[in-house]
Amino acid sequence: MFWIWKQSIRATTVVLCIGSTRDVSALDGCLVLLCLAAPSWQAIPQCVPPVRQLFRDLALGRPFPTCAMAGAGNSAAHQWASAPDFCPPQYLSSFDTENSTQYDCAFEGAVSVSIRGEPFVRTWWRSDGEAVSEFSPAAKAQLGSWNRRFEDDYAAWAAAQPPVVPDPTAP
């Protein structure tokens with residue numbers, strides 16, 4: 001048996017006990033929900049295989065696994081990325097064709113986790129296991145520290161943008 005420890009929103013400790021004989025292909029929705037809500041699921045060895053399996057399953061069109069014990073307002077939902085409307089700007093690319101501009105998102109989709117009915121984290125994923133998590137302001141306040149890759153990537157993208165030139169004809 002192994003234990004995954006996760007600090008809950010009320011600063012109490014929630015312990016999830018999982019048997020080591022479980023088949024990883026039959027994903028435990030509660031484990032995946034708990035892992036995705038962690039400050040950095042990639043740093044928790046017990047979370048990496050099931051979360052990566054989740055991304056592969058979603059890429060194959062399988063539904064997000066359910067968790068009957070999640071509690072009121074605790075849930076996760078998947079949405080496919082759709083460039084340019086549903087893709088963070090730092091992961092959006094574009095190219096011009098003869099008649100239009102085409103857009104592409106570096107990620108295939110996003111899993112949004114809500115805790116007590118409020119957005120907590122959105123994890124952008126690819127089927128190869130690459131992922132980045134976008135934590136809500138409330139999550140950041142509660143966690144204190146988290147994987148900052150999303151913010152760092154955004155800062156690098158913003159710094160690379162050309163400066164906005166004011167329109168001299170504008171009032």
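Here are some exercises on sheets, disulfides and helix packing, each with a worked solution.

The structure is a predicted model, in which local features need pLDDT of at least 70, side-chain atom pairs count only at pLDDT 80 or more, and totals for chains, interfaces and linings use all residues. Residues are numbered from 1 along each chain as its sequence is written, and side-chain values use heavy atoms, with hydrogens and water left out.

**Exercise 1. The open sheet**

Task: work out in which order the strands of the open sheet stand and which strands are at its edges.

Solution:
- Start with the elements: helices (H or I, at least four residues) and strands (E, at least two) are DSSP runs, numbered from the N terminus.
- Next, look for pairs; two strands pair if DSSP finds at least two bridges between them.
- This gives an open sheet of 4 strands, ordered S3-S6-S7-S8, with antiparallel pairing.
- Strand S3 (75-80) and strand S8 (131-135) each have a single partner strand, so they stand at the edges and one side of each is left without a neighbour in the sheet.
- Ignoring direction, neighbouring strands of this sheet are turned by 20° against each other on average; axes are lines fitted to C-alpha atoms, for helices over the stretch in contact, and angles run from 0 to 180 degrees between N-to-C directions.
- Inside the sheet, S6 (residues 109-115) pairs with S7 (residues 118-125) over 7 antiparallel bridges, and Gly-109 has Trp-125 in S7 as its bridge partner.

**Exercise 2. Helices across the sheet**

Task: find which strands helix H2 lies across, then do the same for helix H4.

Solution:
- Use contact as the test, meaning heavy atoms within 4.5 Å.
- Helix H2 (residues 48-59) lies across S3, S6, S7 and S8, and runs at about 75° to S7.
- Helix H4 (residues 149-160) lies across S7 and S8, and its angle to S8 is about 95°.

**Exercise 3. The hairpin**

Task: describe how S4 and S5 are joined.

Solution:
- Strands S4 (residues 92-96) and S5 (residues 101-105) run antiparallel and share 5 bridges.
- The hairpin between S4 and S5 passes through 4 residues.
- Leu-92 has Cys-105 in S5 as its bridge partner, and Cys-105 returns in the next exercise as part of a disulfide.

**Exercise 4. The disulfides**

Task: find how many disulfides the whole structure holds, and give the pairing.

Solution:
- Search for pairs of cysteine sulfur atoms within 2.5 Å, the cut-off for a disulfide; the whole structure yields 3.
- Cys-30 bonds to Cys-67, with an S to S distance of 1.8 Å. The link of Cys-30 and Cys-67 is right-handed, with 95° about the S-S bond. Cys-30 lies in helix H1 (residues 29-36) and Cys-67 in the loop between H2 and S3, so the pair ties together parts that are 37 residues apart in sequence.
- Cys-35 and Cys-47 form another disulfide, with sulfur atoms 2.1 Å apart. The link of Cys-35 and Cys-47 is left-handed, with -80° about the S-S bond. Cys-35 sits in helix H1 and Cys-47 in the loop between H1 and H2, so parts 12 residues apart in sequence are tied together.
- Cys-87 and Cys-105 are joined at an S to S distance of 2.1 Å. The torsion about the S-S bond of Cys-87 and Cys-105 is about 80°, so the disulfide is right-handed. Cys-87 lies in the loop between S3 and S4 and Cys-105 in strand S5, so the pair ties together parts that are 18 residues apart in sequence.
- Numbering the bonded cysteines of the protein chain in sequence order gives the pairing 1-4, 2-3, 5-6.

**Exercise 5. Buried or exposed?**

Task: decide whether Cys-87 counts as buried or exposed.

Solution:
- Buried means under 20% relative accessible area, exposed over 50%, and partly exposed in between (1.4 Å probe, protein chains only).
- Cys-87 has 10% relative accessibility, so Cys-87 counts as buried.
- Cys-105, at 11%, counts as buried too.
- Cys-30 and Cys-67 are buried, and so are both Cys-35 and Cys-47.
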